[in-house]
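Subject: Structure for you to look at

Dear colleague,

Here is the structure I promised to pass on, and I would be glad if you could open it beside this message while you read. My notes on what was found come after it.

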Amino acid sequence: MSTEKSVKQIEEYLRDLDKNKDYPASFSEFIKELNTRIFIPIRIQKEDGEISAKDYKLSYLLALPGVGAIGFNYGDNLVEYREQLLEPASLDEYITALTAYLEAEATPTESTFGMPGPNEQNITYSSLANVELISSISRSISDWNVQDTDTASYNIDEPKIIGIAPVTSKGQDPETGETRFGSNDYYSGPNVALNTANQYIDPRTGETKKLNGKVLTPHFRLGAATEVFSGLSQEAIFEIQQELASIGLDIGSYNFVPGVVDPTLRGGEIDFIGQLMTEANDAIAMFPELNLVDRNANTILGQLRPYMEWKKGVDEQTNVFVESLQREFAADVVPPTEAEVKSAIDQLFIERGINPTANDYQKYATIFGNLQKDAAARAAEIEDNKLSLNDIIGLSKSYNYNTVEVGPYTYGGFGITVPSAEEAREKLGKPLLQQIDITTELGKIIDDLEAGRIDASQEILARTAAAQDFKRNFMVFEENF
């Protein structure tokens with residue numbers, strides 16, 4: 001466009017519409033007004049070296065003026081986009097066509113200047129328009145269309161001009177009852193918005209979301225999750241089940257059958273893949289630069305795999321963080337009360353023949369508290385080390401029992417071998433641990449720290465017992481004497 005001239009004229013036009021409340025009755029009428037306010041600077045270089053430039057209204061160029069009117073043969077680059085610039089289905093279609101036309105027009109085009117005859121000259125012409133300004137015009141119009149005025153409120157469902165943005169694909173969530181802007185054709189979640197053309201949009205303005213000028217659209221259609229398993233062998237299905245289990249499918253939460261998928265089951269493999277496809281589709285709009293869908297892969301699962309690998313990496317990082325927090329806070333227990341300390345110390349000291357002092361209570365209060373923390377941490381570790389069905393299936397291997405000795409599980413010619421609990425624990429690094437008995441461990445510490453007192457007490461008790469024996473024997477001697 002010619003510097004800021006087009007932008008200023010359009011912005012002034014939009015302000016006047018708000019001021020006068022005289023909005024165009026149709027989107028087509030609005031586009032017609034828009035074309036009269038967009039100016040295209042055309043540069044002409046004649047064969048004699050003369051160079052000139054002039055601004056032309058887009059509406060004038062779209063009329064394809066003849067040589068007698070404009071002075072040279074013009075229109076070769078415009079014809080392809082003319083219909084979309086005159087009668088576009090939406091502002092996005094208009095902006096896309098205008099961008100493509102100006103990019104094509106920027107390349108010098110050979111033509112002739114003047115009417116046929118001795119004065120006709122060979123020329124080249126090209127556009128000097130600033131294509132970067134088009135996106136700012138698009139944003140200005142989209143924002144303006146839903147922007148409130150002093151006297152009225154507007155939104156994507158009730159805009160100033162219907163048709164600037166395609167109608168949103170509006171529906172109701174069957175579980176929550178909330179309004180959502182999903183798709184009837186593609187997997188889509190509650191946190192993105194699509195129009196009826198299945199294009200991702202800004203739910204506030206209706207403007208389409210783009211990456212490098214290309215409108216973003218979902219990839220996985222409803223029903224694609226079932227097709228993932230279509231025609232596969234039981235071995236191949238089992239491998240997919242293992243892969244799904246590794247990225248979050250809880251195979252212990254439903255009637256899991258190795259190598260078999262029930263298409264009617266809720267919460268199973270197909271539902272899980274459908275959820276992955278929903279997330280992958282939404283990621284196209286939320287994180288377009290990550291390229292989490294391989295549209296060119298030969299299989300549906302191959303198309304989904306970039307997202308699956310990305311999700312697995314994110315989940316692993318999250319699990320490491322969560323587990324570190326769990327370990328950190330597992331030992332965060334309430335310190336023992338004085339009464340608890342006194343009761344435990346009294347029992348263990350008296351069993352060893354010694355009497356606790358105030359200093360003992362103070363010293364062993366800290367030790368007792370630390371043992372409680374260790375026991376809590378050990379209990380959390382034992383819980384983490386419990387083997388799940390996902391763990392076992394992840395380490396299992398499939399086989400054909402027509403050629404291999406039958407293993408622990410078979411189903412219609414297909415079977416799997418599972419590791420023993422010991423093998424699984426070793427491979428997963430989940431050892432079988434014992435709970436910490438606080439009383440027993442505290443007793444061991446007392447035996448170590450108070451060994452001298454305990455020995456002295458035992459010595460005193462032994463001497464006392466010996467003295468009692470001597471006295472008793474002496475009295476028996478006296479009686480007999």
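The notes below go from the chain as a whole to its cores, its helix packing and a few single residues.

Please keep in mind throughout that this is a predicted model. The chain has 17 helices and eleven strands, and of its 481 residues, 40% are buried. Among the contacts in the chain with a separation of 6 or more, 61% are between residues that stand 24 or more positions apart.

**The cores**

The largest nonpolar core is made of 42 residues, and those with the most contacts inside it are Phe30, Phe72, Tyr94, Leu98, Tyr101 and Ile141. Two or more residues are given to this core by each of helix H1 (5–20), helix H2 (27–35), strand E1 (39–46), helix H3 (58–62), helix H6 (91–105), strand E4 (121–127) and helix H7 (133–145). Of these, H6 gives the most, with seven residues.

If you would like one residue to look at in this core, Phe72 is among those with the most contacts inside it. Leaving aside neighbours within four places in sequence, Phe72 is in contact with Ile42, Ile44, Tyr56, Val67, Thr112, Phe113, Gly114, Ile123 and Tyr125. There is also a second, separate core of 38 residues, which includes Ala225, Leu276, Met308 and Ile393.

**Helix packing**

Two of the helices that contribute to the largest core, H1 and H7, pack at an angle of about 5 degrees, with their axes 10 Å apart, and H1 is therefore roughly parallel to H7. On the H1 side the residues that meet H7 are Val7, Ile10, Glu11, Leu14, Leu17 and Asp18, and on the H7 side they are Leu133, Ser136, Ile137, Ser140, Ile141 and Trp144. By class, the residues of this contact divide into eight nonpolar, two polar and two charged.

Helix H16 (residues 438–449) packs with helix H12 (residues 338–351) at an angle of about 55 degrees, and their axes are 10 Å apart, so that H12 and H16 are oblique to each other. H12 passes H16 in a right-handed crossing, in which Ala344, Ile345, Leu348 and Phe349 of H12 meet Thr439, Leu442, Gly443 and Ile446 of H16. The residues of this contact are six nonpolar and two polar, with no charged residue.

H16 also packs with helix H13 (residues 358–384), where the two axes come within 10 Å and cross at roughly 140 degrees, which makes H13 oblique to H16. The crossing of H13 and H16 is right-handed. Here Tyr364, Ile367, Phe368, Leu371, Gln372 and Ala375 in H13 meet Ile438, Glu441, Leu442, Ile445, Ile446 and Leu449 in H16, and the contact has ten nonpolar residues, one polar and one charged. Leu442 and Ile446 of H16 appear in the contact with H12 and again in the contact with H13.

**Single residues**

Two acidic residues of helix H10 may be useful to view together. Glu279 is found in helix H10 (residues 269–286) and, at 22% relative accessibility, counts as partly exposed. Not counting residues up to four places away in sequence, Glu279 touches Tyr307 and Lys311, and its C-alpha atom is separated by 9.8 Å from that of Met308, 29 residues apart along the chain. Asp282 is also placed in helix H10, but with a relative accessible area of 8% Asp282 is buried. Leaving aside its neighbours within four places in sequence, Asp282 is in contact with Ser188, Gly189, Val192 and Tyr200.

Finally, there are two backbone angles to check. Most residues other than glycine have a negative phi. Lys21, in the loop between H1 and H2, has a positive phi near 55 degrees, and its relative accessibility of 39% makes Lys21 partly exposed. Asn198 has a positive phi of about 55 degrees although it is not a glycine. Asn198 is found in the loop between strand E6 (179–180) and strand E7 (210–211), and at 12% relative accessibility Asn198 counts as buried.

With best wishes

Notes:
Residues are numbered from 1 along each chain as its sequence is written. This is a predicted model: local features need pLDDT of at least 70, side-chain atom pairs count only at pLDDT 80 or more; totals for chains, interfaces and linings use all residues. Side-chain values use heavy atoms; hydrogens and water are left out. A nonpolar core is a set of buried Ala, Val, Leu, Ile, Met, Phe, Trp, Tyr and Cys residues joined through side-chain atoms within 4.5 Å. Buried means under 20% relative accessible area, exposed over 50%, partly exposed in between (1.4 Å probe, protein chains only). Helices (H or I, at least four residues) and strands (E, at least two) are DSSP runs, numbered from the N terminus. Contact means heavy atoms within 4.5 Å. Axes are lines fitted to C-alpha atoms, for helices over the stretch in contact, and angles run from 0 to 180 degrees between N-to-C directions. Angles under 35 degrees count as roughly parallel, over 145 as roughly antiparallel, 65 to 115 as roughly perpendicular and the rest as oblique. A crossing is left-handed if the near helix is turned anticlockwise from the far one by less than a right angle, and right-handed if clockwise. Ala, Val, Leu, Ile, Met, Phe, Trp, Tyr, Cys and Pro count as nonpolar, Asp, Glu, Lys and Arg as charged, and the others, Gly among them, as polar.
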